[in-house]
Structures are given as C-alpha cells and as structure tokens.
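Reader: Could you walk me through one part of this model up close? I'd like a connected account rather than a list.

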Amino acid sequence: MGLLRATVHSTFNSKSSFPLWLLLPLLLIDAAFCAVIILRVPYTEIDWRAYMEQVSLYRAGERDYAMIKGGTGPLVYPAGHVYIYNYLYGITRGGADVGLGQWVFMGVYLVTLGIVGLCYREARAPPYLLPFLILSKRLHSIYMLRLFNDPFSILLLFSAVFAWQKKMWTLGSLAYSLSVGVKMNTLLALPAVGVLYLLALGRDKALRQAGIMLQVQILLATPFLTEFPKSYLIRAFEFTRQFFFQWTVNWRFVGEEVFLSRGFSLGLLGLHACLLVYFLVTRWSKFAPPPSPCSGRIVADVARHSGRSFPGFLNLLITPQEGLSEYQMNQCVTPRFVLTAILGANTIGMLCARSLHYQFYSWLAWGTPYLLWRSGFGPGWVTGLWAVQEWAWNVYPSTNTSSGTVVGVLAATVLGVWWGSRFRDEEELFVGKPRRGMKNDEKKLI
C-alpha cells in the first residue's frame, strides 16, 4: 500500500523534477511506434516533391526567390529551410529516396521528444503528462508521413527554450533565430522572448541578444540578400499571404464570407495584440524587479508577492536596471516561467490566426499537455481536453464542429493559463546553490 501511494505521489508530483530515466522508455516506445508507421503506413505526397524542385533550382545557381518555384507554388520560407532541404536533396538522390527521408524525420521527431521531455523536467511538470507526448496520431503523421518543414523549426524552438531554462541566453538566441530562419511561425513566441530577455538581462543585454538574432538572420540570408534582397524579404517573410478557406482547420464554422473579410482579419489581429498586452500587464510582468534600485532583500520580497510589477517592467525598457545583479534578475525568470510564457504566447498566436493548416499542429501538440496542466486542470480534464483537441485535428476535411472544437480548446487553454498562473510558484523562485564569490545579500535569496 505504501508503494502504491509513493507511485501515485511521484506520478503527479510537481514539486521536484521527475527522474531523467523516465525519458528513456518513452523514447524507446515511441521509436517502435515510428518504425511501424514508416514500414506499414503509406507515405502521402504533399510538399516534399515541391521542396525538391525548389532546391534543384537553388542548386542550379538561382538566388532570386521570385524565380524559385515548385509544383505547389513559389518558395515562401527563409533560407534555413533551403539549406535543410538542400541537404536532404543530396542524401535522398534528389528526393527519390523518400524512405530515407522518413527515417531522417523519425530522428528529428525523437530528438524533439527528448528535448521537450527535458523542458518539462526543468519546469517540474508531473510525469503523468509524458505519455500524452507520444500518443498523437496527427503528430506522427506530420513527421513521418508528410515530411513538412515545421518539425525542424519546432526542434530549434524547444532547443532554445531548454537553453533559456538553463540560463544559456546566447545559445538560446542562436537556436531561436535559426528556428525563425527555417519557418517564421516561431515569431509567435517573440513577444514572450522579449519579455524573458528584459526580465533576465535588463535592457542593454537584451538588445545585444536581439543583435545576435539579427546577425544570424543576415548570415543565413547572405547568398540571397547580396543579389536579390527585396525578393528574399518579400517572399521569405510574407506577412500578407492569403490562405484558402478550403484548407482551414480552425475558423471554418464562421463561413467563407466572414473568413475572407478584411474585418475578420483585423479583428483577429486586434484580439492578438490585446491578449498579449493583457498577459504582459497581468501575468508576465509580475516577474519584473521593482521600479527603483533596491537591496536584494526587497527584491526577494517583491518576487514573493503575487501582485503586478508592470511599472518595474516599463522601467526596464527605459533605463538599465541598477542595484540588481544578473544572478538576482535570473532568479526571477524560472524554468517554469520560461516554458509557460513561450508556449502561452505561441498558443495565443494560434488562437488568433485566421487559418491553421494540419501541419501546424506540430506547433501546438508538444506544449498542450503542459499548458493544460499549468491551467490548473486536473488529470481528468487534461486527458479530456487533450483527446478532444486530438480528435478535432484528425478530422479531414475539417467541419464546423471540428473547427469550432479547435478554437474552443485553444481558447480554453489560453484562458486556463492566464487563470492558472495568477499565483507564483514559490518553490520555483530562487532555487540553486550559492556560487563562489556571491555577495552576502545574494546568498540570502536562496
């Protein structure tokens, strides 16, 4: 009986990190799933051939994005996408060996699973969430049967999240910028990234990290920018792209006339901006230091307080933070806060996106179990909402019911995260051991 109680306690425990070895059986089981899918389920051609056609033009020397086209249309992804599929072009004999490509994507899937598991562990998420990461039919399909570029972007995003959780800010900047350099969907997390850097590093160092990200983008795009800069910027980061109603997963239930209207588009854009500002004022800025220089003891008191610190956040934008060491600022940005903020901003963006396509589920699925738990939902609700979301994303073509369910679960997740993060997790604050040479008032924070 004691063993049973201990097992149940450890399964739902969120006060400490789950054992690292739990990820090994998860990876082994899912590796078997992936292998069976590749060997037994027919591959579905969607964009792979078009990617290969576009890369063949790049390999022939074409650098004008307006002239690089494939069977499904022009090249509309940043340079990182081109380099990745250029490599795949080489090892798959021009895309002819699709099977080898599937095994490569299986590797990408498993590495992503491992890194996501590490992010969950750093955030002290309970172990019962881990099985949800390997049970998605749609997610396996996106990786092993479709060969979209989204998996590479998401792998780099979670690599950045893990680096930020470990306070490796420059490494995180490199990984995040590379992610955007593959596909710009990860720009949805950018508002939260900016908040993290301001809180952890202060204004000046945050600007340096922004500079690093910009340099990565320039370096990736140099072959295209030096010859056809306008063509590259317009195509690779096309914010005005129009999506067809027939492929939408989310807003089908509003009808095609409303979906295509400018008012609907502007309304979603406004809602997106309002939600981000509201989260910043009422949630993310609670981790900001006081608006004036103060001692480490006062910093600790403020960090334990659950009220707003928005004036302190605004002060970070205006002047460099003085009176706080980098160690003290870093302790305000906990691993749980990092994961919650990044995934929360991404989910807000997806809720307010006019059109989501099936491959976009890879942006959402890895973080849904964590966000539902972070919302304060119990295991039953987490399981139910996850299952309903999974069902909705597997309905093809989408229906009014399935699209309404997609939007409903996204809305429930966003509202749940806002409500569930209204109090600070005190056990997450100021954890760690004093470093050699640390000042006395810094040691008091631990």
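Author: Sure, let's start with the span at residues 259–281 of this predicted model. Its end C-alpha atoms sit 30 Å apart, and the span is 96% helix and 0% strand. The unreviewed UniProt entry annotates 259–281 as a transmembrane region, along with other stretches including 20–43 and 337–356. For residues 20–43, the end C-alpha atoms are 34 Å apart, with 75% helix and 0% strand.

Now for the cysteines. Searching the whole structure for disulfides turns up zero. Take Cys274: the nearest cysteine sulfur belongs to Cys352 and is 9.2 Å away, and Cys274 is in no disulfide. A disulfide would need the two sulfur atoms within 2.5 Å, so a 9.2 Å separation rules this pair out. Cys352 is likewise in no disulfide, with the sulfur of Cys274 as its nearest cysteine sulfur, 9.2 Å off. How buried or exposed are the two? Cys274 is exposed, at a relative accessible area of 55%, while Cys352 counts as buried, at 7% relative accessibility.

If you want a helix to look at next, try α10, which runs over residues 229–236 and has Ser231, Tyr232 and Ala236 buried. Looking down the axis of α10, you'd find its buried residues within an arc of 100 degrees, so they line one face of the helix. What do they pack against? The buried residues of α10 pack against α4 (79–91) and α9 (190–225).

Terms used. Residues are numbered from 1 along each chain as its sequence is written. This is a predicted model: local features need pLDDT of at least 70, side-chain atom pairs count only at pLDDT 80 or more; totals for chains, interfaces and linings use all residues. Side-chain values use heavy atoms; hydrogens and water are left out. Buried means under 20% relative accessible area, exposed over 50%, partly exposed in between (1.4 Å probe, protein chains only). Helices (H or I, at least four residues) and strands (E, at least two) are DSSP runs, numbered from the N terminus. The arc is that of the directions from the helix axis to the C-beta atoms. Contact means heavy atoms within 4.5 Å. UniProt positions are given in the numbering used here, feature names are shortened, and annotations may be inferred rather than shown by experiment.
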